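Trainee: I am new to this structure and would like a close look at a single part of its surface. Could you take me through that part slowly and then place it within the whole chain?

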Amino acid sequence: MVSQALMLDAEKGELLKAPARIGKMGISEAKAFAALKSHSEAERRRRERINAHLATLRGLVPCTEKMDKATLLAAVISQVKEHKKNALEACKGLLVPMDDDEVKVETYFDGTLHFKASICCDYRPELLSDLRNAIDALPLKTVSAEISTLGSRLKNEFVLTNRRNKNALDDAGAIQLLTNSIHQTLTSVMEKGSASPKYSPRTKLPNKRRRVTFFDSSSSSS
């Protein structure tokens, strides 16, 4: 059995062969040679993939001179943040589901007191029926309801008003109580989904940041 000792040039990823040796140690050295050769090939392919991705990024980021890897990645991060900011600005006023779980409640007047409530979370089979039952249980009348989806995300927005008498809610305390009730009702629906991970299409991912937002009548628009 003839085998050759070898050395791995870590920087170039090349195997340097030593003079051949004959003996019982040749078998183990041959296995080591094969393993190091395989590792060297895997490293070479990995570097080629990284360099190809870096070349693609350089083509996407506007620049006038060649950037090193750290500068390139910093430029890409900055550009992604800018695009995300622009996307959020463009979505203002639109019913678009976002990444964060969220409940919002606010009030406004147009001659009648209205409650504008929204919930944004992952879709699950029972979500719509749970929302309907929760809204129906409130002492309010549904004026309108809108829904939008994006991937596995869903956003539902409701406009509610007093079911009995439009002038019955002149008391600020009563308005506050109803606003809190709406908020708690939608939050409980959202938390029900979180407590049932089998319904979530993304249970293997970390939980998203949950955000609940509350607006009282003093911050509402007229």
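Mentor: Let us begin at the surface, where Tyr123, Leu128 and Ile147 form a nonpolar patch whose accessible area comes to about 270 Å² together. Please keep in mind throughout that this is a predicted model. Of the patch residues, tyrosine 123 sits in the loop that links β4, residues 113-122, with α3, residues 127-136. Tyrosine 123 counts as partly exposed because its relative accessibility is 37%, and partly exposed is the class between under 20% and over 50%.

The loop on the other side of β4, between β3 (101-109) and β4, holds threonine 112. Here the reading is of another kind, since threonine 112 has a relative accessibility of 17% and therefore counts as buried, the cut-off for that class being under 20%. Threonine 112 also brings us to a part of the chain further along the sequence: its C-alpha atom is separated by 7.7 Å from that of threonine 161, although the two residues are 49 apart along the chain.

This leads to the strands β5, residues 140-150, and β6, residues 153-162, which run antiparallel and are joined by ten bridges. One of the pairings can be followed residue by residue, for serine 144 has valine 159 in β6 as its bridge partner. Between the two strands of this hairpin there are two residues, and glycine 151 takes a positive phi there, near 65°.

Stepping back to the whole protein, we find four helices and seven strands, and, read from the N terminus, the elements follow the order β-β-α-α-β-β-α-β-β-α-β. Among the contacts between residues at least 6 apart in sequence, 58% join residues that are at least 24 apart. Of the 222 residues, 28% count as buried, while the accessible surface comes to about 14,900 Å², with 55% of it belonging to carbon and sulfur atoms.

A last word concerns how far the model can be read. The average pLDDT of the protein is 76, and 69% of the residues score at least 70. Over residues 199-222, however, the pLDDT is below 50, even though this stretch has 54 contacts in the model beyond near neighbours in sequence. Where pLDDT is low, predicted coordinates should not be read in detail.

Definitions and conventions. Residues numbered from 1 in each chain as written. Predicted model: local features only at pLDDT ≥ 70, side-chain atom pairs only at ≥ 80, totals over all residues. Heavy atoms only, no water. Patch = residues over 30% accessible without salt bridge, like charges linked within 9 Å, V, L, I, M, F, W, Y side chains within 5 Å. Areas by Shrake-Rupley, 256 points an atom, 1.4 Å probe, with all protein chains shown as cover. Salt bridge = Lys/Arg side-chain N within 4 Å of Asp/Glu carboxyl O. Buried < 20%, exposed > 50% of the residue type's maximum accessible area, 1.4 Å probe, protein only. Contact = heavy atoms within 4.5 Å. Pairing = 2+ DSSP bridges. pLDDT = per-residue confidence, 0-100.
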